[in-house]
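Good morning, everyone; let me show the model first, and then I will talk through its cysteines, its internal space and one of its helices.

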Amino acid sequence: MDNSNEFRAGHTHLDALKDELIEARHRLNDFVAYGTGGLPVRKECMLFHEVSCMVRRPPFTRTSRRKNVLESIEFPEGYAYNETVVDKPLSMIPENMREKTRSFDFNSLLMSSQEMLVHWFIMFQEFDLLAKYKIPPETLRDFFLTVHNAYRCNTYHNFNHAMDVAQFSFAMFVQSDILQEKMTNLDILACLLLGLAHDMDHPGVNNAFLVKTRDPVAILYNDQSVLENAHAASLFLMFHNKPTCNVLANIHGADYVQIRKIVLRGILATDMARHFALIKEFASHKPLHECEDITDELRMSLVECIAKSGDICHLVRPWAVAKAWEDLVMEEFFEQGDFEKELGMVPDGLFDREKCKVPNSQCWFYENMGKPLYEAMKHHVPETTQQLLDVLNENVKKWKAMC
């Protein structure tokens with residue numbers, strides 16, 4: 001009996017060795033045929049292998065505008081920073097700096113990365129988010145640095161734009177009692193994070209360009225919200241690959257599921273192809289002040305509207321700030337049009353610097369894209385948004401005077 005058991009055990013071990021040898025031969029053949037990135041043995045896995053290889057390749061290679069990354073970032077002189085103080089690590093903040101962070105007159109175009117870092121910490125300290133979600137100050141600073149370095153040196157879609165969007169979200173919450181009353185701290189945290197990260201690794205061209213040129217990232221996301229999907233995935237891959245910047249590390253269970261859902265919905269909402277559908281949905285909800293408890297769908301719709309409003313918030317900045325941003329976005333459009341001509345493509349009129357009438361295009365955008373969005377926001381946040389609409393209307397008058 002013992003001999004029989006030993007024989008069966010030996011036979012099983014021999015079969016395992018044979019299987020390992022066959023697997024090794026397959027892998028050797030793969031290596032000879034395909035190199036170190038050889039295909040897997042099982043044919044049904046080949047598609048997933050190709051996708052993984054695509055993801056590992058640098059995306060948007062034809063449009064790369066990389067920059068020299070910052071190795072570290074420090075606060076400006078005169079500020080006191082103590083990383084052991086969990087709730088308010090940054091102190092000695094001048095009151096005019098706090099007021100600037102809260103203001104819709106914010107102008108990130110004129111700011112250094114150090115000054116923007118101060119504003120970033122003010123936002124988190126104002127709502128006590130560091131203590132509430134156990135975010136170590138150094139983790140928040142590393143998040144800021146890592147996201148900063150993930151942006152490219154684009155004319156418009158750069159880190160200054162990211163800070164512009166994040167600050168707009170913050171100002172909406174600070175200046176709206178009803179948003180603070182109805183929305184949660186988790187909503188505020190999500191809006192700040194998605195605002196800063198919503199255009200990570202933007203290549204300086206739009207979705208249509210990536211689809212037309214068959215960019216690998218457009219193929220990966222099936223031509224649907226290509227950039228927005230890439231930005232959102234980049235953010236969560238960053239958390240996975242660099243734990244030192246993971247500001248969500250101490251958020252677990254249902255709260256983690258919720259904040260991930262909010263961030264994804266907010267970033268994907270910035271796709272202009274979804275603009276009118278989202279406005280229609282947002283306006284269809286009962287006004288916020290009439291809701292005793294808001295539904296999850298209304299909450300998500302509010303986040304989407306805040307994200308979209310922030311993404312084009314230059315429309316509601318003072319004229320000098322608005323005009324500066326709009327000149328930059330048009331120049332980036334024209335750069336794409338120039339590139340398309342080099343590739344033998346015919347750019348749309350908006351992207352052709354020889355054909356586009358900038359004042360006319362800006363008036364159209366203000367009236368047909370911006371105004372309906374902010375009017376939908378006014379449906380829920382009337383007092384705050386009316387101030388913004390007043391600025392928008394003054395800005396469009398100035399563009400009309402140039403037509």
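To begin with the sulfur chemistry, the structure holds zero disulfides, a disulfide being a pair of cysteine sulfur atoms within 2.5 Å. Please bear in mind that this is a predicted model, in which local features need pLDDT of at least 70 and side-chain atom pairs count only at pLDDT 80 or more, while totals for chains, interfaces and linings use all residues. Residues are numbered from 1 along each chain as its sequence is written, and side-chain values use heavy atoms, with hydrogens and water left out.

Cys191 counts as buried because its relative accessibility is 2%, and Cys313 is buried as well, at 0%; buried means under 20% relative accessible area and exposed over 50%, with a 1.4 Å probe and protein chains only.

Turning to internal space, the count comes to one cavity of 30 Å³ or more, and the largest cavity holds about 50 Å³. A cavity here is a set of points, on a 1 Å grid over the protein atoms alone, where a 1.4 Å probe fits but cannot get out, and lining residues have an atom within 4 Å of a point; points are joined across faces, edges and corners, and the volume is the space filled by probe spheres set on them. Its lining includes Leu278, Phe282, Glu304 and Lys308, and the elements giving two or more residues to that lining are α14 (275-284) and α15 (296-311), helices being DSSP runs of H or I with at least four residues, numbered from the N terminus.

In α14, His275, Leu278, Ile279 and Phe282 are buried. Seen down the axis of α14, these fall within an arc of 100 degrees, so they line one face of the helix, the arc being that of the directions from the helix axis to the C-beta atoms.

Definitions and conventions. 1 Å grid on protein atoms, 1.4 Å probe; cavity = no way out; pocket = protein on both sides within 12 Å on 5 of 7 lines; lining within 4 Å.
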